Amino acid sequence: YLIPTILDMPPMRLRILEHPDPHAPYGLRGAGEPPTLSSTPAIVAAVRDACGAPLTRVPVRPEHIVGHVREVPA
């Protein structure tokens, strides 16, 4: 199947609203965090799948993986 791209997105009207946070330096608010929330579980799942270690928490350290690495069939 084809993966949707930005070209498949319908036109949208956007309105930028600026409401500074009175308690933050320079009134800044977090904006870049949401995309990073899914990367950690995805990486841990890939490592878990690759080596077979029962990884259930982060950070993943070498000692969590040692002894769980699978043999590659010849």
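Q: A helix here is a DSSP run of H or I at least four residues long, numbered from the N terminus. Where is Pro59 found with respect to H1 and helix H2?

A: The model is predicted. Pro59 sits in the loop between H1 and helix H2, the latter covering 62-65.

Q: How many helices and strands does the protein chain have?

A: The protein chain contains two helices and zero strands. H1 spans residues 39-51, which is 13 residues.

Q: What does H1 reach from its first C-alpha to its last?

A: The general idea comes first: an α-helix has 3.6 residues a turn, so residues three or four places apart point the same way. In this case H1 reaches 18 Å, close to the 18 Å expected at 1.5 Å a residue.

Q: Which residues does the cis peptide bond join?

A: Most peptide bonds are trans. The cis bond here joins Val58 and Pro59, with omega at about 5°.

Q: What phi does Tyr26 have?

A: As a rule, most residues other than glycine have a negative phi. Tyr26 is not a glycine, yet its phi is positive, about 60°. Tyr26 belongs to the segment before H1.

Q: Is Tyr26 buried or exposed?

A: Exposed means over 50% relative accessible area. Tyr26 has 79%, so it is exposed.

Q: Where does Gly52 lie, and what is its phi?

A: Gly52 comes just after H1 and takes a positive phi of about 85°. Gly67 lies in the segment after H2 and counts as exposed because its relative accessibility is 74%. Gly67 and Gly52 are 15 residues apart in sequence, and their C-alpha atoms are 9.6 Å apart in space.

Q: Which residues make the nonpolar surface patch?

A: Ile6, Leu7, Met9, Met12 and Leu14 make a patch of about 660 Å². Met12 is placed in the segment before H1. With a relative accessible area of 55%, Met12 is therefore exposed.

Q: What percentage of the residues in the protein chain is buried?

A: Buried means under 20% relative accessible area. Of the 74 residues in the protein chain, 7% are buried. The accessible surface of the chain comes to about 7,400 Å², and carbon and sulfur atoms account for 63% of that surface.

Technical notes: Residues are numbered from 1 along each chain as its sequence is written. This is a predicted model: local features need pLDDT of at least 70, side-chain atom pairs count only at pLDDT 80 or more; totals for chains, interfaces and linings use all residues. Side-chain values use heavy atoms; hydrogens and water are left out. Buried means under 20% relative accessible area, exposed over 50%, partly exposed in between (1.4 Å probe, protein chains only). Accessible areas come from the Shrake-Rupley method with a 1.4 Å probe; for residues, only the protein chains shown count as cover. The expected span of a helix is 1.5 Å times one less than its number of residues. Patches are made of residues with over 30% relative accessible area and no salt bridge: like charges are joined within 9 Å, nonpolar side chains (Val, Leu, Ile, Met, Phe, Trp, Tyr) within 5 Å. A salt bridge is a side-chain nitrogen of Lys or Arg within 4 Å of a carboxyl oxygen of Asp or Glu.
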